[in-house]
Amino acid sequence: MFKALRRAWRYLGTALGMKFEEAADPKVQLQQAIEEAQEQHRRLTEQAANVIANQKQTEMRLTRSLEELEKVNASARQAVLMADEAAKKGDSAKAAEYTSAAEAFANRLIAAEKEVDGLKTLSLQTTQAADQAKAAVAQNSSALQRKLAERQKLMSQLDQAKMQEQMNKAMATLSETVGQDVPTLEEVRDKIERRYAKALGTAELQGQTVESRMLEVEQATMNQEAQARLAQIRDQLGIAAPAEPAPAPSPAPQEGGAAPPE
């Protein structure tokens with residue numbers, strides 16, 4: 001039972017994840033990815049700064065230890081010289097005191113030398129770590145710049161894809177039925193062409209009827225009346241009527257052919 005519930009839960013989680021991916025805005029997801037990369041670069045830079053700071057601090061400790069080593073070494077040498085001078089003068093008490101001081105300085109010198117050796121090793125390690133941290137930051141910075149450039153490219157492609165999808169959708173509405181009440185362009189065109197063809201056929205049929213001939217006679221009568229009125233107006237004005245065009249000449253007889261009848 002528990003295994004079945006766990007399987008169902010995993011199935012539900014996968015299904016919800018797929019639904020979310022389908023509904024999610026790619027621009028938002030792209031911005032989230034860039035922000036995550038920037039945050040990762042910030043954390044890496046902060047860690048690298050801590051490594052470099054440790055290397056700088058080790059260098060300062062090494063410098064102080066070297067300065068202390070020089071002082072202790074000088075003091076030990078001075079104590080040995082003063083013990084030797086007191087022994088030459090026969091002052092055994094002072095010679096013993098300077099010798100004890102020289103031994104104390106020698107012990108401090110040994111400890112200082114060990115500390116310097118340890119700091120030198122540590123400084124070498126921290127320097128290597130700092131160099132690696134700097135290289136990691138530089139490499140990650142280059143990767144981040146490439147991601148930013150890629151984001152601009154993807155954003156442009158996404159805008160082009162959206163525009164193309166809108167164009168495809170608009171073109172699809174010209175050849176596919178959108179709904180029950182929305183005709184396609186082809187359907188509207190066929191309807192208009194049918195009406196136009198029917199109108200032409202009707203006009204052609206009407207041109208062959210008696211009514212159309214009657215209209216032609218009436219039009220001819222109106223033309224004759226108009227010509228008569230124009231002739232009357234010319235007589236009143238003393239204007240001669242325009243000459244009628246000469247008839248076209250008959251074709252010349254061919255050679256050897258019969259003459260035209262008289």
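Colleague: How many residues apart are Glu39 and Arg43 in helix α2?

Modeller: They are four residues apart, which puts about one helical turn between them. A helix here is a DSSP run of H or I with at least four residues; a strand is a run of E with at least two, and both are numbered from the N terminus. Two notes on reading: this is a predicted model, where local features need pLDDT of at least 70, side-chain atom pairs count only at pLDDT 80 or more, and totals for chains, interfaces and linings use all residues. Residues are numbered from 1 along each chain as its sequence is written, and side-chain values use heavy atoms, with hydrogens and water left out.

Colleague: How many helices and strands does the protein chain have?

Modeller: Five helices and zero strands. Read from the N terminus, the order is α-α-α-α-α.

Colleague: What do the side chains of Glu39 and Arg43 form?

Modeller: Start with the general idea. Side chains of opposite charge can pair when their charged atoms come close. A salt bridge is counted when a side-chain nitrogen of Lys or Arg lies within 4 Å of a carboxyl oxygen of Asp or Glu. Glu39 and Arg43 make one, at 3.7 Å from N to O. Glu39 also meets Arg42 in a salt bridge, at 2.5 Å from N to O. Glu39 and Arg42 are three residues apart in helix α2, again about one helical turn.

Colleague: Is Glu39 buried or partly exposed?

Modeller: Use relative accessible area. Buried is under 20%, exposed is over 50%, and partly exposed is in between (1.4 Å probe, protein chains only). Glu39 has 30%, so it is partly exposed. Arg42, at 42%, is partly exposed. Arg43, at 35%, is partly exposed too.

Colleague: Which residue forms a salt bridge with Arg108?

Modeller: Glu68, with the closest N and O atoms 3.2 Å apart. Arg108 is in helix α3 (residues 92-175) and Glu68 is in helix α2, so this pair ties together parts 40 residues apart in sequence. Arg108 is partly exposed at 45%. Glu68 is partly exposed at 35%. Back in the other group, salt bridges with shared partners join Glu36, Glu39, Arg42, Arg43 and Glu46 into one network. Over the whole structure, the search finds seven salt bridges.

Colleague: What span should the 63 residues of α2 have?

Modeller: The expected span is 1.5 Å times one less than the number of residues. For α2 that gives 93 Å, and the end C-alpha atoms are 93 Å apart, so the two agree. After α2 comes Gly90, with a positive phi near 85°.

Colleague: Which residues make up the largest nonpolar core?

Modeller: First, the idea. In soluble globular proteins, nonpolar side chains tend to be buried together. A nonpolar core is a set of buried Ala, Val, Leu, Ile, Met, Phe, Trp, Tyr and Cys residues joined through side-chain atoms within 4.5 Å. Here the largest one has seven residues: Leu62, Leu69, Val72, Leu109, Ala112, Val116 and Leu119. Helices α2 and α3 each supply at least two of them. The largest share, four residues, comes from α3.

Colleague: What does Leu119 touch?

Modeller: A contact means heavy atoms within 4.5 Å. Leaving out residues up to four places away in sequence, Leu119 touches Thr58, Arg61, Leu62 and Ser65. Now look at Ser123, also placed in helix α3. Ser123 is buried, at 10% relative accessible area. By the rule just used for sequence neighbours, Ser123 touches Thr58, Glu59 and Leu62. Gly118 is in helix α3. Gly118 is partly exposed at 39%. The C-alpha atoms of Gly118 and Leu62 are 9.0 Å apart, with their positions 56 residues apart along the chain.

Colleague: What share of the 262 residues is buried?

Modeller: Buried residues make up 13%. The chain exposes about 21,800 Å², and carbon and sulfur atoms supply 57% of that.

Colleague: Where is confidence lowest, and where is it highest?

Modeller: pLDDT is the predictor's confidence in each residue, from 0 to 100. The chain averages 78, and 73% of the residues score at least 70. Helix α1 (residues 2-23) is lowest, at a mean of 59, and α2 is highest, at 89. Over residues 256-262 the pLDDT is below 50, and this stretch has one contact in the model beyond near neighbours in sequence. Where pLDDT is low, the predicted coordinates should not be read in detail.

Conventions: Areas by Shrake-Rupley, 256 points an atom, 1.4 Å probe, with all protein chains shown as cover.
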